[in-house]
Each structure stands twice: as structure tokens, then as C-alpha cells.
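Please open the model in your viewer and keep the sequence beside it, so that each stop on this tour can be selected in turn.

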Amino acid sequence: DDRLNEIIDGNGYTAFYLPKGKPELTLRIEGDPVQIAGFRYTPNQKRDATGHITHYALFIDNRKVAEGEFSNIKANPIEQTVRFQAVKGSVIRLVAKHITDNYPQAGIGEFSVITD
């Protein structure tokens, strides 16, 4: 999906919405596995945007490495940074466990991984 590039274009005002009924994003790193030590999530920055992820789980090669809540993200939709002990892998899966206002799709303005 070409629209997926909107999550890495450096512009939080362009957003990609995950498919209804499948609130997760899977990315594969080409080449050798890398040390992944966290991720950054920026919700859609447009005025009155919906679909902010409030609760998440992150998996590296099908192992859960982080889970939590972006508290107050509806009122303060800024970039969220989550760090964890570095894990070597190549498949990253972000699961939106809860979305603001029970919106049917999760929106991602920007998403990136933090490597060591």
C-alpha cells in the first residue's frame, strides 16, 4: 500500500489509518536483523483528528517487548517515545489495543523504530 509511506514521510499531518478490524501494523527490516531499543509513535496531527492509539503492544519477531498506555494522548496528541531493553529482530508489529473514542480505525501520523 503506497499510503503506508505516509507514516515515514516526516509529516504528522499525513496519516495512515490501519484497516478496520485489524488494528495492527507490521514492518519488516530488510537485510540482517538489527538491535531495536524502542519506537516512536505520532498520532495524526490534523485538527480534530480521530483514531489515536491509547493502549498498545509491540512485538519483535513475535515476542512482546513492550505494552502500555499513551495517557492523555487525546488532549495532547504529541510524539510518544517508548524505550525497552534492546532486542535483535527484523519483524516489528505494533498492535493498537485501544483507540480514542472507540474509533473503528487507528491512525498513525508517524512511526519509527529506535535502533542501538
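**The three-stranded sheet**

Begin by selecting β3 and β9, which pair in the antiparallel sense over six bridges. Bear in mind, as you look, that this is a predicted model. To find one of the bridges between them, colour G38 and then look across to β9, where its bridge partner is I114.

Now add β6 to the selection, and you will have three strands that form an open sheet in the order β6-β3-β9, with antiparallel pairing. The strands β6 and β9 (110-115) stand at the edges, and because each has a single partner strand, one side of each is left without a neighbour in the sheet. If you turn the view slowly, you can follow the twist of this sheet, which averages 25° from one strand to the next. As a general point, strands of a sheet pair through backbone hydrogen bonds, either parallel or antiparallel.

**The four-stranded sheet**

Next, select β2, β7, β4 and β5, four strands that form an open sheet in the order β2-β7-β4-β5, again with antiparallel pairing. Here it is β2 and β5 that stand at the edges, each with a single partner strand, so that one side of each has no neighbour in the sheet. Neighbouring strands of this sheet are turned by 15° against each other on average, when direction is ignored.

Keep β4 and β5 on screen and hide the others for a moment: strand β4 (residues 53-60) and β5 pair in the antiparallel sense over six bridges. One place to look is Y56, whose bridge partner in β5 is G68.

Then move to T54, which is also found in strand β4. Is T54 buried or exposed? With a relative accessibility of 12%, T54 counts as buried, because the cut-off for buried is under 20%. Leaving aside neighbours within four places in sequence, T54 is in contact with G68, E69, F70, I73, H98, I99 and T100, so show these residues together with T54 if you wish to see what surrounds its position.

**The salt bridges**

The structure holds five salt bridges, and the tour visits some of them. Show the side chains of K64 and E67, which form a salt bridge whose closest N and O atoms are 3.1 Å apart. K64 is partly exposed, with a relative accessible area of 48%, and E67 is likewise partly exposed, at 42%. Now add K97, whose side chain meets that of E67 in a salt bridge of 2.3 Å, N to O. This pair links distant parts of the chain, since K97 lies in strand β7 (residues 91-99) and E67 in strand β5 (residues 63-69), 30 residues apart.

From there, select D101 and K74, which form another salt bridge, with the closest N and O atoms 2.8 Å apart. D101 lies in the loop between β7 and β8 (107-108), while K74 lies in the loop between β5 and β6 (80-89), so the pair ties together parts that are 27 residues apart in sequence. D101 counts as exposed at 54% relative accessibility, and K74 is exposed as well, with a relative accessible area of 52%. Returning to the earlier residues, salt bridges that share partners join K64, E67 and K97 into one network.

**A last stop in a loop**

Finally, select E30, which is found in the loop between β2 (24-28) and β3 (34-42). E30 is exposed, with a relative accessible area of 72%. If you draw a distance from the C-alpha atom of E30 to that of T50, which is 20 residues away along the chain, the separation is 32 Å.

Conventions:
Residues are numbered from 1 along each chain as its sequence is written. This is a predicted model: local features need pLDDT of at least 70, side-chain atom pairs count only at pLDDT 80 or more; totals for chains, interfaces and linings use all residues. Side-chain values use heavy atoms; hydrogens and water are left out. Helices (H or I, at least four residues) and strands (E, at least two) are DSSP runs, numbered from the N terminus. Buried means under 20% relative accessible area, exposed over 50%, partly exposed in between (1.4 Å probe, protein chains only). A salt bridge is a side-chain nitrogen of Lys or Arg within 4 Å of a carboxyl oxygen of Asp or Glu. Two strands pair if DSSP finds at least two bridges between them. Axes are lines fitted to C-alpha atoms, for helices over the stretch in contact, and angles run from 0 to 180 degrees between N-to-C directions. Contact means heavy atoms within 4.5 Å.
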